[in-house]
Amino acid sequence: MTDFQTLLVETPSDGVLLVRLNRPEALNALNSTLLSELGGLLDKAGGDDAVRVVVLTGSEKAFAAGADIKEMSDKSYAQMMKLDFFTDAARRIEQFRKPIIAAVSGYALGGGCELAMMCDFIIASETARFGQPEINLGVAPGIGGTQRLTRFVGKAKAMDMILTARMMDAAEAERAGLVSRVVPADKLIETALEAAAKIAGHSPLAVLMNKELVEAAYETTLTTGVALERRLFHSLFAFEDQKEGMAAFVEKRKPDFKGR
């Protein structure tokens with residue numbers, strides 16, 4: 001893919017795109033360039049059948065230590081509003097239909113924590129630290145931190161973290177349901193890539209629909225969500241992948257999904 005100023009991109013296995021945030025001089029702080037490049041990359045990956053899963057990571061020291069304060073500090077309310085700061089980048093990430101796994105080591109603070117939460121699930125190393133310390137700067141989270149964190153860990157813990165600016169370590173994050181699993185730091189990328197490869201080996205149509213259904217659980221009532229689940233379950237029987245998957249199960253062999 002195109003060369004980037006703030007991202008490193010690899011394809012470690014079939015169907016898997018590994019994206020590393022790469023602003024080491026700023027602990028991967030999210031600036032406009034990085035967010036624009038990430039959004040553009042996801043736009044291209046969304047239309048590329050060769051990409052089935054994205055793994056998003058940073059460095060051992062920091063996934064992303066926040067948004068770039070230097071870029072924002074002198075802006076006025078009018079400027080922030082006219083720019084609609086963060087909105088376009090967040091929308092492009094949120095609307096990406098394929099799975100994104102966040103592999104988090106070190107600091108995931110402010111915008112970094114919000115970016116991790118926008119991914120479909122988080123695998124954390126034992127060194128990971130999560131937080132929304134925006135109140136220290138006299139502001140509030142601006143990329144969904146107050147909303148997603150509350151949904152993920154509950155009101156009390158979210159209120160504690162946001163109002164005191166305290167960091168949550170990896171063990172607490174797993175207990176609270178913010179991360180799916182915690183692994184040793186030297187196994188983080190390996191574990192994330194193994195999970196991505198597993199997903200990439202499934203029917204891409206089934207993966208898209210399962211992601212859509214889990215996301216719907218946060219936006220709908222139980223009755224509406226179950227009705228949607230049933231209709232999408234029925235619809236999967238229109239695809240060749242369903243026939244192949246069930247035939248392979250009966251015949252005790254590995255399925256060969258074609259995405260059709």
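**Reading strands and helices in a predicted model**

Tutor: Let's start in the middle: S5 and strand S7 (residues 121–125) run parallel and are joined by four bridges. Across that pairing, Ala103 stands opposite Ile123 in S7. Please keep in mind that this is a predicted model, where local features need pLDDT of at least 70, side-chain atom pairs count only at pLDDT 80 or more, and totals for chains, interfaces and linings use all residues. Residues are numbered from 1 along each chain as its sequence is written, and side-chain values use heavy atoms, with hydrogens and water left out.

Student: Which strand is joined to S5 by four bridges and includes Leu56?

Tutor: In general, strands of a sheet pair through backbone hydrogen bonds, either parallel or antiparallel. Here strand S3 (residues 51–57) runs parallel to S5, with four bridges between them, and Leu56 stands opposite Ala102 in S5. Two strands count as paired if DSSP finds at least two bridges between them; strands are DSSP runs of E with at least two residues, helices runs of H or I with at least four, numbered from the N terminus.

Student: Which way do the residues of S5 point, and are they buried or exposed?

Tutor: In a regular strand the side chains alternate between the two faces of the sheet. In S5, Ile100, Ala102 and Val104 point one way and Ile101 and Ala103 the other way, and all are buried (under 20% relative accessible area, with exposed over 50% and partly exposed in between, using a 1.4 Å probe and protein chains only). Five of the five residues of strand S5 (residues 100–104) are buried, so S5 is largely enclosed by the rest of the structure.

Student: What is the strand order in the open sheet of four strands?

Tutor: The order is S4-S6-S8-S9, with mixed pairing. Strand S4 (62–64) and strand S9 (168–169) are the edge strands, each pairing on one side only. Strand S8 (residues 129–131) pairs with S9 in the antiparallel sense over two bridges, and Arg129 stands opposite Asp169 in S9.

Student: At what angle do H6 and H7 pack?

Tutor: Two packed helices are described by the angle between their axes and the distance between the axes. Helix H6 (residues 145–153) and helix H7 (residues 155–164) pack at about 140°, with axes 7 Å apart. Axes are lines fitted to C-alpha atoms, for helices over the stretch in contact (heavy atoms within 4.5 Å), and angles run from 0 to 180 degrees between N-to-C directions. H6 and H7 are therefore oblique to each other: angles under 35 degrees count as roughly parallel, over 145 as roughly antiparallel, 65 to 115 as roughly perpendicular and the rest as oblique.
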